Amino acid sequence: MEMESTDDHRSTNRIPTVVRRSSILSGIGHYYPEGFDWSNEHDGIPERRIIVSNHLPIIATLDINNNWLFEFDTDSVYFPLKHGLSADVETWYVGCLPGGVKIESKQQEQVAKTLREKFKCVPVFMTSDTYDSYYHGFCKHYLWPLFHYMLPLAYNGGQRFDRKQWHDYYRANMVFAETIMDVVITGDEFVWIHDYHLMLLPSLIRKKCRKLKIGFFLHSPFPSSEIFRTLPVREDVIRALLCSDLIGFHTFDYARHFLSTCSRLMGIDYESKRGYIALEYYGRTISIKILPIGINRSLLDSVMSSDETVNKVLELKNRFQGKIVMLGVDDMDLFKGIGLKFSAMGLLLESYESLRGKVVLVQILNPARSQGKDVQDVVRETDLIAQEINDKYGGPGYQPITIVHGPVTTVEKAAYYAIAECVVVNPVRDGMNLVPYKYTFCRQSSPVLDRAMGVDESTPKKSVIVVSEFIGCSPSLSGAIRVNPWNIEDVRNGMHSAITMKEYEKQLRHKKHYNYISSHDVSYWARSFEQDLKRACSDHYEKRWWGVGLGLSYKILALSPDFRKLALEQISNDYRGKSSRLILLDYDGTMMPQSTVDKQPSAEVISVLNCLCNDPKNVVFIVSGRGKDSLSKWFAPCKNLGLSAEHGFFTRVGSACLMVSALALFGLFRVLRNRKGINKGIALEKLSSTMQSMGRSPDFVLCIGDDRSDEDMFASISRSTGGKPSLADTATVYACTVGQKPSLATFYLDDTIEVMLLLHWLGKLSEPTKPVVEVQEQPPKMIVGRE
């Protein structure tokens, strides 16, 4: 196991090529005291936002002299993100060159220099074999189907898990990590990682530079835990993602599936904190964000006002004059439901003869993003269905299904959006799908286009959306006609409703959608993500961080700066000077090692507990998750010991503990409350309040536990010392966990041996009912002093 404290850590990553001054990196990983103004730690260096995606938002072409030419791809979803981020920061992009562009080794240095200097883009280079195996193999033919709920039950049903492709996926993520570190300067940059291609990256870059502010956004669906758990490397992927500070999803369903997976695989449950969903993982808080991405509004504004778009719209209006145009825009993909959409169009024409010759479905097919037999099968199926319907219902001057093969420019798509009466978006599963958003925005038209078409600008605009209920944009389109894409009759009915809907209703639906889409564009989305990432990382400089584990088992432990080893000198003085002590002890893992087969308490344990219980100043309880029967039997020799079983659901009060209390019926277990909401923290509060009501308010509290259930006790103590009346303001409190790990406790002891040494020592300091010789010994050296 690797365990490395960032208190003493100096960054081990490569020094970026843009800076060689070691002083810049010297502060990475240190703990900064509360109130420290670390914003000036790297004065003069512009703050950076690093956007990481599989493909750079770049278009690369070769000129006649075989030289590479580059320009920004304004259609890329990642390009406009910089417009939503803070204006006073530098935005850098990291990714591979898109479109299968392969740069020869001898050209890579010059290409990287050009992209870096002119575009603030840093290309990721890897061998063709690695890239093909990583992207076309593991990403597109294994992860993509799996995340879209398609299991490879048979060889012809999708590609099965391939260990070599998994290694190449890991290797590719490693190359991305190395490239990112070439952009990192201060060590606390914002790194925003996108999509399922790079799910291992948060762990890999966290290991290199622990104080990076890491956000991850998944653009595809996250499948249900039953599907995800079929992934042979499921724990590796989840652990890697949990090295992020913020994880984003398009919909609540995707986030819910992720949280369920974390619960079932890792035993991590989420909490709602001040309106935010968060996971607690080894002392770190990982925030969960739910917000669908938006469109690039500025791009579409300019496109809709261009003369090229106006001319294309007029051309299409003339071409489809007298026809009702329904539009589909999809990638050539197995999950887009194109064949189902065509079948529904055929059923529409079969069911409504009056629509024959009037309704046209224009289907724009974007090129496939992957290669393989599955894509070829989809092409064959869609062509076959379209041909069959066109042969059956078509005629001179009329073709019911018109296929436009891509690539199609943004201008052409905008023109088709502008003339379409409705859009049909029919995937059987899709992450987000911005087609309905773009369609709605383009149907709003523009003053330039309105004038060219002779339309009054004040005329209410209209649009209708037929949308699959299985895609990410569906929940945000409350005015859309939702359909089940697997039910062809349902899709047929949706199409018919769309084209026969009354005009005022089309206008109302359009207005509702347009108001949302125009105000929640991609800049809003990026700005919101950045704000939440800042909030999620606000405590980075308030904790001590430790890196633990090898490979993909690596994780960060975040510890409070106040977290320290329990010093016997201090607790001894406080223990002697108090007259009403409450001692709460977990059993398994605290007094008894977890590895022990026989869990019955030894004679040593019974003796130590009796020594503590015989002091009239002490109220001692075992607070355990074990059942009341076993605890009663095991601790029967401890007559004055209180027992709180099943995490506080049953409580037995020892005869000498609270003997004047009506609740203090020795040998009987009292039910504190209903099982719902019961935990060890509730038990602690009940015990301390009972002591208060009897005039014995605890002035000394020692609470020791080792696992998650004991954190409820520590949380209760924290609330009490913060002003809750169950403990007096003057009470001295020692909350102690077993093992050096993230905890709400302030102190720790290394193991059960040290716990027993502590209890032995406190027993010797106690004042039993019968006089004893005064203790002259020194505290055990093993746990004396602070660390």
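Two strands are said to pair if DSSP finds at least two bridges between them, and the close-up views below, which are drawn from a predicted model, use the word in that sense.

**View 1. The open sheet of nine strands is shown with its mixed pairing.** The strands follow one another in the order β6-β5-β2-β7-β8-β9-β12-β11-β10. Because β6 (121-123) and β10 (270-273) stand at the edges and each has a single partner strand, one side of each is left without a neighbour in the sheet. On average, and with direction ignored, neighbouring strands of this sheet are turned by 25 degrees against each other.

**View 2. Strands β8 and β9 run parallel within the sheet of nine strands, and a helix packs on that sheet.** Strand β8 (residues 213-217) is joined to strand β9 (residues 246-249) by three bridges, and Phe216 stands opposite Ile247 in β9. Helix α3 (residues 105-119) touches β5 (90-96) and β6, and the direction of the helix makes about 160 degrees with that of β6.

**View 3. The open sheet of six strands has parallel pairing.** Its order is β15-β14-β13-β16-β17-β18, and since β15 (401-405) and β18 (481-483) stand at the edges with a single partner strand each, one side of each is left without a neighbour in the sheet. From one strand to the next, the twist averages 20 degrees. Strand β14 (residues 359-366) pairs with β15 over five bridges in the parallel sense, and the bridge partner of Gln363 in β15 is Ile403.

**View 4. Helices α15 and α17 are seen with the strands that they meet.** Helix α15 (residues 435-443) packs on the sheet and touches β13 (324-331), β16 (422-425) and β17 (464-468), with its direction at about 175 degrees to that of β16. Helix α17 (residues 488-500) lies across β13, β14, β16, β17 and β18, and runs at about 165 degrees to β18.

**View 5. The second largest pocket has a volume of about 1,300 Å³.** Of the 36 residues that line this pocket, the closest to its centre are Glu280, Glu711, Pro742, Ser743 and Leu744. Helix α24 gives the most to the lining, with eight residues, and by class the lining has 16 nonpolar, seven polar and 13 charged residues.

**View 6. Phe138 and Tyr169 form an aromatic pair.** The whole structure holds 35 aromatic pairs. In this one the ring centres are 5.0 Å apart and the planes stand at 50 degrees, so the pair is tilted. Because Phe138 lies in helix α4 (residues 128-147) and Tyr169 in helix α5 (residues 163-181), the pair ties together parts that are 31 residues apart in sequence.

How values were computed: Residues are numbered from 1 along each chain as its sequence is written. This is a predicted model: local features need pLDDT of at least 70, side-chain atom pairs count only at pLDDT 80 or more; totals for chains, interfaces and linings use all residues. Side-chain values use heavy atoms; hydrogens and water are left out. Helices (H or I, at least four residues) and strands (E, at least two) are DSSP runs, numbered from the N terminus. Axes are lines fitted to C-alpha atoms, for helices over the stretch in contact, and angles run from 0 to 180 degrees between N-to-C directions. Contact means heavy atoms within 4.5 Å. On a 1 Å grid over the protein atoms alone, a cavity is a set of points where a 1.4 Å probe fits but cannot get out, and a pocket is an open set with protein on both sides within 12 Å along at least five of seven lines; lining residues have an atom within 4 Å of a point. Grid points are joined across faces, edges and corners, and a volume is the space filled by probe spheres set on the points. Ala, Val, Leu, Ile, Met, Phe, Trp, Tyr, Cys and Pro count as nonpolar, Asp, Glu, Lys and Arg as charged, and the others, Gly among them, as polar. Rings of Phe, Tyr and Trp (its six-membered ring) pair if their centres lie within 6.5 Å; planes under 30 degrees apart count as stacked, over 60 as edge-to-face and the rest as tilted.
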